Amino acid sequence: MEVTTMLMRTDPFRGLDRLTEQVFGTPARPAVMPMDAWRDGDEFFVELDLPGVDPDSLDLDVERNVVTVRASRPQLDPGRAMIATERTRGVFSRQLFLGENLDTDRIRADYRDGVLRLIVPVAEEAKPRKIEVTCSGHERQAINA
């Protein structure tokens, strides 16, 4: 019987790097709830990827200008011999910090095909408006032609 020994250079920080990547993700692969956000007219749109999440597990809370999205994905069968497990299991959440100019009282949410879409209207007081300019001390006179 031949025994082969493999020598590997140990990196004391590799374990920490792996843990950090699992919790926070990487720019190429975020850990949980990757998001896109954009403005279209008087509304802001936010889409969060939540594949495999039961819609009944979705929970959205708004406190002041912070929206907290909570979801859960069921745990895997412990008897299953997994080869890779990259999707977050259990309960996870993400907070979105919204600007003062958004109307958090009128947020709408829709979950379809594993994507949670939030629609946040711009607050009426933040929308552009015209201001009439008056000229003090002058009377308007009709001009006759």
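**Two buried positions and a shared nonpolar core**

Threonine 68 counts as buried, at 9% relative accessibility; buried here means under 20% relative accessible area, with exposed over 50% and partly exposed in between (1.4 Å probe, protein chains only). The model is predicted, so local features need pLDDT of at least 70 and side-chain atom pairs count only at pLDDT 80 or more, while totals for chains, interfaces and linings use all residues. Residues are numbered from 1 along each chain as its sequence is written, and side-chain values use heavy atoms, leaving out hydrogens and water.

Threonine 68 sits in strand S4, residues 66–73; strands (E, at least two residues) and helices (H or I, at least four) are DSSP runs numbered from the N terminus. Its side chain makes a polar contact of 3.3 Å with the side chain of glutamine 95. A polar contact is a pair of N or O atoms within 3.5 Å; within protein, one must be able to donate a hydrogen and the other to accept it, and residues adjacent in sequence count only if both atoms are side-chain atoms. Apart from residues up to four places away in sequence, threonine 68 touches Asp59, Leu60, Asp61, Ser93, Arg94 and Gln95, where contact means heavy atoms within 4.5 Å.

Turning to the second position, methionine 33 is found in the loop between helix H1 (14–24) and strand S1 (35–40). Methionine 33 is buried too, with a relative accessible area of 2%. Its contacts, again without residues up to four places away in sequence, are Leu48, Asp49, Leu50, Val69, Ala71, Phe92, Ser93 and Arg94. One of these partners, alanine 71, is 38 residues from methionine 33 in sequence, with 9.5 Å between the two C-alpha atoms.

Leu48, Leu50 and Val69 also appear in the largest nonpolar core, which has 17 residues; together with Leu116 and Leu118 they have the most contacts inside it. Such a core is a set of buried Ala, Val, Leu, Ile, Met, Phe, Trp, Tyr and Cys residues joined through side-chain atoms within 4.5 Å. Strands S2 (43–49), S4, S5 (90–97) and S7 (115–121) each give two or more residues to this core. Beyond its neighbours within four places in sequence, leucine 50 contacts Met33, Leu58, Ala71, Arg73, Phe92, Tyr111, Gly114 and Leu116.

For the protein overall, one helix and seven strands are found, in the order α-β-β-β-β-β-β-β along the sequence. Of its 145 residues, 21% count as buried.
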